[in-house]
Each structure stands twice: as structure tokens, then as C-alpha cells.
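Welcome! Let's get to know this structure through a few questions and answers. Have a look at it first, and then we can start.

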Amino acid sequence: MTARAADRARYDRATAGLDAPLAIVDLDAFDANAADLVRRAGGTPVRVATKSVRCRALLERVLEREGFAGVLSFTLAESLWLARSGFDDVLLAYPSTDRAAFAELTSDPKLARAVTVMVDDPAQLRLIDAARGGREEVRVCLEWDTSLWRAGGLVRVGARRSPLRSPAALAEVARAVAGTTGFRLVGVMAYEGHIAGVGDAVAGRPVLSRGVRLMQSVARRELVVRRAEAVRAVRSVAPDLEFVNGGGTGSVQHTAAEDAVTEVAAGSGLFVPRLFDHYASFTGRPAALFAQPVVRRPGVGVVTVLGGGYPASGPAGADRLPVPYLPEGLRYARTEGAGEVQTPLFGSPADDLLLGDKVWFRHAKAGELCERFDALHLVRGDRVTAAVPTYRGEGRTFL
């Protein structure tokens with residue numbers, strides 16, 4: 001029996017009394033992935049990206065482990081909710097225009113101490129000031145652009161995030177924060193998505209993989225120098241800077257090795273969705289899966305499962321679809337793909353599936369799975385040890 005077949009047998013036994021659709025997290029795999037992130041970070045604290053987990057119980061679980069510290073949130077409303085729930089170190093990863101949330105933040109000393117907001121433009125400071133509901137000081141982090149630019153700026157590789165690219169531009173906004181009453185500059189974030197979020201070992205695509213590795217090697221070399229310069233520029237304005245955040249699951253070991261970086265961020269590496277299968281530097285264990293029930297047997301070599309059309313965000317393409325994972329050997333129909341209400345699956349394993357049997361899928365991305373399910377069933381060995389609510393299960397949908 002292959003390892004995957006053994007996993008399927010465990011998951012089927014663990015959930016035998018539960019009807020699909022359902023989602024699970026394999027705790028053995030989850031904990032092993034967490035340990036691997038800490039190992040790769042080499043002593044640099046790992047801040048957990050909440051958008052990749054979206055379950056308070058699992059956030060609490062990973063933060064209990066040595067090597068993890070704080071969370072990286074994705075909306076201000078989520079940040080306040082987590083802070084009210086006892087999370088005392090919440091870094092908002094993206095700028096916000098949520099005036100009601102800013103009013104709440106500036107009115108509550110506990111929230112103001114726990115939450116750090118993201119800024120990359122002085123206009124954002126003015127928006128926050130206009131929304132104030134109280135006099136509490138706002139903790140501020142500056143985001144800096146890590147994109148790789150070539151051909152005199154005509155070619156850009158990297159996400160379009162912060163407009164602040166040069167150390168001088170970053171220092172100018174740092175001075176704006178320092179010169180504005182009611183704000184305190186405490187951190188810098190620089191997320192290198194073109195390194196951390198792009199796989200460099202794509203199966204069957206050796207030329208593409210070599211190209212990605214070459215790009216990432218060039219990007220890492222120039223980023224080490226440029227990030228150090230940017231941090232020095234900010235520290236000249238704010239010498240008591242508390243943290244410099246960088247990295248992501250795919251670049252933890254490289255980013256953590258930089259002298260300028262004090263913490264790295266990661267989240268997808270806990271669940272290891274399908275887009276994180278293609279990295280040469282690490283191999284994670286798929287920890288989050290969902291099951292759809294077989295509801296039809298249209299013919300030889302084909303079954304139909306309920307729903308399953310859960311595409312991931314990003315550029316549209318086949319790699320954004322969930323992948324049929326267990327049993328091995330199932331594939332989508334080219335004319336139908338993953339459907340909203342039904343999904344035909346082809347392959348010889350279909351002939352061994354009966355009505356009500358479970359087909360296990362992996363989502364393309366990590367936390368987006370939790371927008372489809374109210375609960376995650378936690379599996380240890382061949383037993384479900386608990387069912388914990390996702391953000392959705394707690395009535396919280398932040399995007």
C-alpha cells in the first residue's frame with residue numbers, strides 16, 4: 001500500500017460516521033509542517049499569516065509552539081476581532097480604509113497595544129486621523145516594495161504592492177509618521193512574493209523551473225543589499241524600530257538569514273496546498289483536505305461527486321482548481337472541470353467507488369478552503385479528535 005493509499009484509508013476510517021462534504025486537517029502533518037518552518041527559520045521568529053489558516057483554534061495551536069510569535073492579519077476588522085479574542089501581537093498586512101474599525105482601534109487601549117496597522121502613503125495617516133474615535137496612539141508598520149526591476153524599470157517581477165521602492169522614499173514616509181501626532185512607527189514589512197510564492201521545481205517543466213530559479217537567485221542577491229539599505233534608512237528616523245518582517249513559506253530559510261530581518265512570515269506552509277508542491281528547497285505534507293461524496297456513477301470509469309468547484313484566487317487557470325487527491329488517479333473532464341453543483345471524475349479508480357464514498361481533494365491555496373466550510377475536523381491517526389470552527393463557522397467573513 002502506498003503512503004497516499006494509507007492516508008486515504010485513515011481519513012475514511014476517521015470520518016466514517018460523518019457525511020461529506022467536509023474538511024479535515026491532519027494534525028500529524030500540520031505539526032510536522034510547523035516544525036519544518038521553525039527549522040528552516042533557524043531561530044528567527046515566525047509570524048503566522050492568518051489568511052492561510054482562518055481558524056482560531058489552529059492559530060492558537062501553532063502559536064503555542066516555540067519558534068512562532070504573533071500573527072499577520074489581512075483586514076482591520078479581523079485584526080480587532082483577534083485582539084479582542086486574546087491575540088496580543090497582530091500585524092495588519094495590508095492598508096485599510098475601514099473608518100469604523102479605526103475609530104474602534106483608537107478608542108480602546110487594549111486594541112491599540114495589540115494591533116499594528118500597515119501604511120505606505122501619508123494619505124493613509126490622514127484617513128486614520130479623520131476616523132479617530134479616541135486618542136490612543138496608533139502603531140504603524142511601513143510596507144516596502146521588493147519587486148525585481150530590470151531594463152531600466154520596463155520589466156517588473158513581483159506583486160504590485162507598496163509604491164515605496166527606494167530607501168529614500170521609505171525614509172520620507174517614516175519621517176511623515178514620526179512627525180504626525182498620535183502615530184508611532186514600530187516596524188517595516190517587505191514581502192518578496194516573487195521568491196516566497198513562486199515554485200521553482202514544476203514537475204515536467206524543467207526549462208521553466210530553471211528560469212524561475214535563475215530569477216529568484218538574482219532577486220535574492222539584490223534584495224539582501226536593498227533591504228539592508230532600506231532598514232538603515234528607516235532606523236535613521238526611528239532607531240527604536242521593533243521589527244523587520246519579510247519572507248513567506250517558500251523563502252523562509254533565505255529571508256531569515258538576512259541580518260536586517262528580525263522575523264519571517266509564513267502560513268501556507270502549515271496546510272501545504274497544491275500550489276506549494278513545487279519547491280526544490282523543502283517538501284511539506286498535505287495537511288488540509290476536503291471530501292466530496294460520490295452521488296452518481298454515469299458509466300464505466302467515471303463517477304460524479306457533489307460540488308467541488310472551489311477555484312482559488314489569482315490568475316485564472318487549471319492550477320487554481322482543487323486537485324482530486326485520493327484515491328490516486330482521478331481526473332477532471334476537460335469539458336466540465338470542477339463544477340458548482342457536480343463534478344465528474346474519470347479514471348480507473350472510479351470503478352471501485354460506491355455511492356456515498358468520499359473523494360478527497362486538495363485546494364490550490366491554503367486558507368481559502370475555510371471560506372467553504374464551517375468546521376475543520378481534526379484528524380490524529382485514524383480518529384477525529386475534535387471539530388473546530390473556521391472563521392466562517394464563527395460567522396466571520398472578512399473579505
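Q: Which residue of strand 12 stands opposite Leu 22?
A: A good place to begin in this predicted model is strand 1, which pairs with strand 12 in the antiparallel sense over four bridges. Leu 22 is one of the residues of strand 1. Its place opposite in strand 12 is taken by Ala 291.

Q: In which sense do strand 1 and strand 18 pair, parallel or antiparallel?
A: Strand 18 covers residues 375-380 and shares three bridges with strand 1. Within this pairing, Val 25 stands opposite Leu 378 of strand 18. The sense in which strand 1 and strand 18 pair is parallel.

Q: How many of the five residues of strand 1 are buried?
A: In a regular strand, side chains point by turns to the two faces of the sheet. On one side of strand 1, Leu 22, Ile 24 and Asp 26 are buried, and on the other side so are Ala 23 and Val 25. Strand 1 is therefore largely enclosed by the rest of the structure, and the number of buried residues is five.

Q: Which residue does a cis peptide bond join to Pro 21?
A: Pro 21 is in the loop between helix 1 (3-14) and strand 1 (22-26). The cis peptide bond there has an omega of about 5°. The partner of Pro 21 in this bond is Ala 20.

Q: What is omega for the cis peptide bond that joins Leu 326 and Pro 327?
A: Pro 327 sits in the loop between strand 14 (323-326) and strand 15 (331-332). A cis peptide bond links this proline to Leu 326. Its omega is about 0°.

Q: Is Arg 54 buried or exposed?
A: You can find Arg 54 in the loop between strand 2 (46-49) and helix 3 (56-63). Its phi is near 55°, a positive value in a residue other than glycine. The cut-off for a buried residue is under 20% relative accessible area. With a relative accessible area of 7%, Arg 54 is therefore buried.

Q: What is phi of Val 272 near?
A: Val 272 belongs to the loop between helix 12 and strand 12 (288-299). At 2% relative accessibility, Val 272 counts as buried. Its phi is positive, in a residue other than glycine, and is near 50°.

Q: Which residue's side chain does a polar contact join to that of Ser 268?
A: Ser 268 lies in helix 12 (residues 268-271), and at 11% relative accessibility Ser 268 counts as buried. Leaving aside neighbours within four places in sequence, Ser 268 has contacts that include Thr 249, Pro 273, Phe 276 and Ala 366. The polar contact between side chains is 3.3 Å, and the partner of Ser 268 is Ser 52.

Q: What volume does the largest cavity have?
A: Rolling a probe the size of a water molecule over the atoms reveals where empty space remains. The count comes to four cavities of 30 Å³ or more. Of the 13 residues that line the largest cavity, the closest to its centre are Asp 145, Thr 146, Ala 159, Arg 161 and Tyr 191. By class, this lining has three nonpolar, six polar and four charged residues, and the volume of the largest cavity is about 60 Å³.

Q: Which helix gives the most to the lining of the second largest cavity?
A: The second largest cavity holds about 40 Å³ of space. Its lining includes Asn 33, Asp 36, Leu 37 and Arg 40, along with Val 272 and Phe 282. The lining divides into three nonpolar, four polar and two charged residues. With four residues, spanning 27-41 as an element, the helix that gives the most is helix 2.

Q: How many charged residues does the lining of the second largest pocket have?
A: About 190 Å³ of space lies in the second largest pocket, and strand 14 and strand 15 each supply at least two residues of its lining. Among the lining residues are Arg 274, Asp 319, Arg 331 and Tyr 332. Because Asp, Glu, Lys and Arg count as charged, Tyr 332 is not in that class. The lining has seven nonpolar residues and no polar ones, and the number of charged residues is three.

Methods. Residues are numbered from 1 along each chain as its sequence is written. This is a predicted model: local features need pLDDT of at least 70, side-chain atom pairs count only at pLDDT 80 or more; totals for chains, interfaces and linings use all residues. Side-chain values use heavy atoms; hydrogens and water are left out. Buried means under 20% relative accessible area, exposed over 50%, partly exposed in between (1.4 Å probe, protein chains only). A polar contact is a pair of N or O atoms within 3.5 Å; within protein, one must be able to donate a hydrogen and the other to accept it, and residues adjacent in sequence count only if both atoms are side-chain atoms. Contact means heavy atoms within 4.5 Å. On a 1 Å grid over the protein atoms alone, a cavity is a set of points where a 1.4 Å probe fits but cannot get out, and a pocket is an open set with protein on both sides within 12 Å along at least five of seven lines; lining residues have an atom within 4 Å of a point. Grid points are joined across faces, edges and corners, and a volume is the space filled by probe spheres set on the points. Two strands pair if DSSP finds at least two bridges between them.
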